[in-house]
Structure formats: structure tokens, C-alpha cells
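Here is a walk through one protein model, from the overall layout down to single residues. Keep the viewer open while you read.

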Amino acid sequence: MKIAVYGHSFAAKNLLSSHPAWFDIVGEKLGATSVSALGRPGAPVFFTYQKFLEVYKKFDLNIFLVTNFFQYTKDVKITFVNGTVTSVAPSSLNAVESFLNQNDITDETKDNFKKIKSWYI
């Protein structure tokens, strides 16, 4: 049996942990041949559902963790003043405010987070 787990950080592998993930324990108890952790920290329901639709037919058992329905649903591009670029789905107003307090992101990135802050409010 092949199992897939979808959702936020609770459905993602933590490579720094020496303990088995809950979904690996479930997979072992069910005799699974593989367990795929397809979650992403901070992922909104929309991302999770898109991932599910993309791959669910490849698995015998799909476990879908519902995240916060009020999360911002799009990835936000973050450009740092040193030129590094990444993206994140801000999971809460607190997360947005923490990005606004960073001194190492560009003004354009800060402007985008200010707009997202108004979306939360």
C-alpha cells in the first residue's frame, strides 16, 4: 500500500528530527510500502488541494490535513537585498508582520507584505 499525506508542516518531513514522523508510524502499522509526505510548512488549503488533485491517483490511501481556511492562498516572492529570491505562503498576520520587521528584504517585497497585511485585516 502506498500512502500520501497532504497539508501544512504537520504533513512535511522534518529532516532535522531524529524521531519518526507520525505518518511514518501510521504507514508502518498499516504495512505500507511507502509513505510520501507532500505537505509544506505554512501551506494554505488551496495549495494542499492542488497537490492532492495532481497526484492522488498514484496512492492507495490519501490523508488530507485541513489547514487554516483563513490563510493567504498564494506564494509571495521575497527578494532580499543581497539578491537572493525565495517564496513563502504567509500563514498568518503574525507571519506577515515578522517579514515587515526584517531589514534584509527589498522595499518592493515590503510593499507586497503591506498589501497582504491589509488583506488579513
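## Layout of the chain

Starting at the N terminus, the elements of the protein chain follow the order β-α-β-α-β-β-β-α-α. That comes to 4 helices and 5 strands, where helices (H or I, at least four residues) and strands (E, at least two) are DSSP runs numbered from the N terminus. The C-alpha trace spans about 50 × 30 × 20 Å along its principal axes.

A word on provenance: this is a predicted model, so local features need pLDDT of at least 70 and side-chain atom pairs count only at pLDDT 80 or more, while totals for chains, interfaces and linings use all residues. Residues are numbered from 1 along each chain as its sequence is written, and side-chain values use heavy atoms, with hydrogens and water left out.

Of the 121 residues, 31% count as buried; buried means under 20% relative accessible area, exposed over 50%, and partly exposed in between (1.4 Å probe, protein chains only). Take the contacts (heavy atoms within 4.5 Å) between residues at least 6 apart in sequence: 63% of them join residues at least 24 apart.

## The parallel sheet

Three strands make an open sheet, ordered β2-β1-β3, with parallel pairing. For two strands to pair, DSSP has to find at least two bridges between them. The edges are β2 (34–37) and β3 (61–64), each of which pairs on one side only. From one strand to the next the twist averages 15 degrees, with axes being lines fitted to C-alpha atoms (for helices, over the stretch in contact) and angles running from 0 to 180 degrees between N-to-C directions.

Strand β1 (residues 2–6) is joined to β2 by 4 bridges. For a concrete pair to click on, try Ile-3, whose bridge partner in β2 is Val-35.

## The β4–β5 hairpin

Further along the chain, β4 and β5 (residues 85–88) run antiparallel and are held by 4 bridges. Val-76 has Val-88 as its bridge partner in β5. The hairpin has 5 residues between its strands, and Gly-83 there takes a positive phi near 100 degrees.

## Two nonpolar cores

What makes up the largest nonpolar core? Its 10 residues are Tyr-72, Val-76, Ile-78, Phe-80, Val-96, Phe-99, Leu-100, Ile-105, Phe-113 and Ile-116. A nonpolar core here is a set of buried Ala, Val, Leu, Ile, Met, Phe, Trp, Tyr and Cys residues joined through side-chain atoms within 4.5 Å. Two or more residues each come from β4 (76–79), α3 (93–100) and α4 (107–120), and α3 gives the largest share, 3 residues. There is also a second, separate core of 6 residues, with Val-5, Ala-11, Ala-21 and Leu-65 among them.

Core member Phe-80 is in contact with Thr-86, Gln-102, Asp-104, Ile-105 and Thr-106, leaving aside neighbours within four places in sequence.

## How α3 meets α4

The axes of α3 and α4 come within 9 Å and cross at roughly 155 degrees. The pair is therefore roughly antiparallel; the cut-offs are under 35 degrees for roughly parallel, over 145 for roughly antiparallel, 65 to 115 for roughly perpendicular, and oblique for the rest. The crossing is left-handed, meaning that the near helix is turned anticlockwise from the far one by less than a right angle (clockwise would be right-handed).

On the α3 side, the contact residues are Leu-93, Val-96, Glu-97, Phe-99 and Leu-100, and α4 answers with Lys-110, Phe-113, Lys-114, Ile-116, Lys-117 and Tyr-120. Val-96 counts as buried because its relative accessibility is 0%. Beyond four places in sequence, Val-96 is in contact with Pro-90, Phe-113, Ile-116, Lys-117 and Tyr-120.

## Two residues to compare

Thr-48 lies in helix α2 (residues 45–55). With a relative accessible area of 2%, Thr-48 is buried. Not counting neighbours within four places in sequence, its contacts are Tyr-6, Gly-7, Ala-43, Phe-64 and Leu-65.

Pro-41 belongs to the loop between β2 and α2. Is Pro-41 buried or exposed? Its relative accessible area is 54%, so Pro-41 is exposed. Even so, Pro-41 touches His-8, Ser-9 and Ala-12, not counting residues up to four places away in sequence. Pro-41 and Ser-9 are 32 residues apart in sequence, yet their C-alpha atoms are 3.8 Å apart in space.
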